[in-house]
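Please open the model in your viewer and keep the sequence panel beside it. The stops below say what to select next and what is to be found there.

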Amino acid sequence: MSYSSSDLANWLCPHCANDLTKEKAKKVDHTINIPLMKKRLEQQRGINTYRQLSISKRN
């Protein structure tokens, strides 16, 4: 799988250097969902806090 945000030049695979220019690209939604991002960051912060507490209890 390869990603590109440009259609101005040849699209070369960063792994094998094959020319992917003629491959059909999938469109993606580049909008930012701020509430969802905030929720995921808070979840990750909670997971990291839990991990740190678990490590400190072991030591």
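Which side-chain oxygen reaches to within 3.1 Å of the backbone nitrogen of L36 at the start of α1? Select N33 together with L36 in this predicted model, and you will find that the oxygen belongs to the side chain of N33.

**The whole chain**

Step back next and show the protein chain as a cartoon, where you will see one helix and zero strands. If you then colour the 59 residues of the protein chain by accessibility, 7% of them count as buried. With a surface switched on, the protein chain exposes about 6300 Å², of which carbon and sulfur atoms supply 55%.

**The helix**

Now select α1, which covers residues 34–58, and place a distance between its end C-alpha atoms, which are 36 Å apart. That separation agrees with expectation, because the 25 residues of α1, at 1.5 Å a residue, should span 36 Å.

Stay at the start of the helix and select I32, I34 and M37, which form a nonpolar patch on the surface and together have about 330 Å² of accessible area. Of these residues, I32 lies in the segment before α1, and with a relative accessibility of 60% it counts as exposed.

**The two cysteines**

Move into the sequence ahead of the helix and select C13 and C16, showing their side chains as sticks. Are these sulfurs bonded or unbonded, given that the nearest cysteine sulfur to that of C13 is in C16, 3.6 Å away? A search of the whole structure finds zero disulfides, and C13 is in none. The sulfur of C16 lies 3.6 Å from that of C13, its closest cysteine sulfur, and this is too far for a bond, because the cut-off for a disulfide is 2.5 Å. As for their surroundings, C13 counts as buried at 13% relative accessibility, whereas C16, at 46%, counts as partly exposed.

**A17 and its backbone**

Select A17 next, which is also found in the segment before α1, and inspect its backbone torsions. Phi of A17 is near 70°, a positive value in a residue other than glycine. Such a value merits a look because most residues other than glycine have a negative phi. A17 counts as exposed, with 52% relative accessibility.

**E23 and W11**

For the last stop, select E23, another residue in the segment before α1, which is exposed with a relative accessible area of 52%. Add W11 to the selection and draw a line between the two C-alpha atoms: E23 and W11 are twelve residues apart along the chain, and their C-alpha atoms are separated by 9.1 Å.

Technical notes: Residues numbered from 1 in each chain as written. Predicted model: local features only at pLDDT ≥ 70, side-chain atom pairs only at ≥ 80, totals over all residues. Heavy atoms only, no water. Buried < 20%, exposed > 50% of the residue type's maximum accessible area, 1.4 Å probe, protein only. Helix = DSSP H or I, 4+ residues; strand = E, 2+ residues; numbered from the N terminus. Expected span 1.5 Å × (residues − 1). Polar contact = N/O pair within 3.5 Å; in protein donor to acceptor, adjacent residues only side chain to side chain. Patch = residues over 30% accessible without salt bridge, like charges linked within 9 Å, V, L, I, M, F, W, Y side chains within 5 Å. Areas by Shrake-Rupley, 256 points an atom, 1.4 Å probe, with all protein chains shown as cover. Salt bridge = Lys/Arg side-chain N within 4 Å of Asp/Glu carboxyl O.
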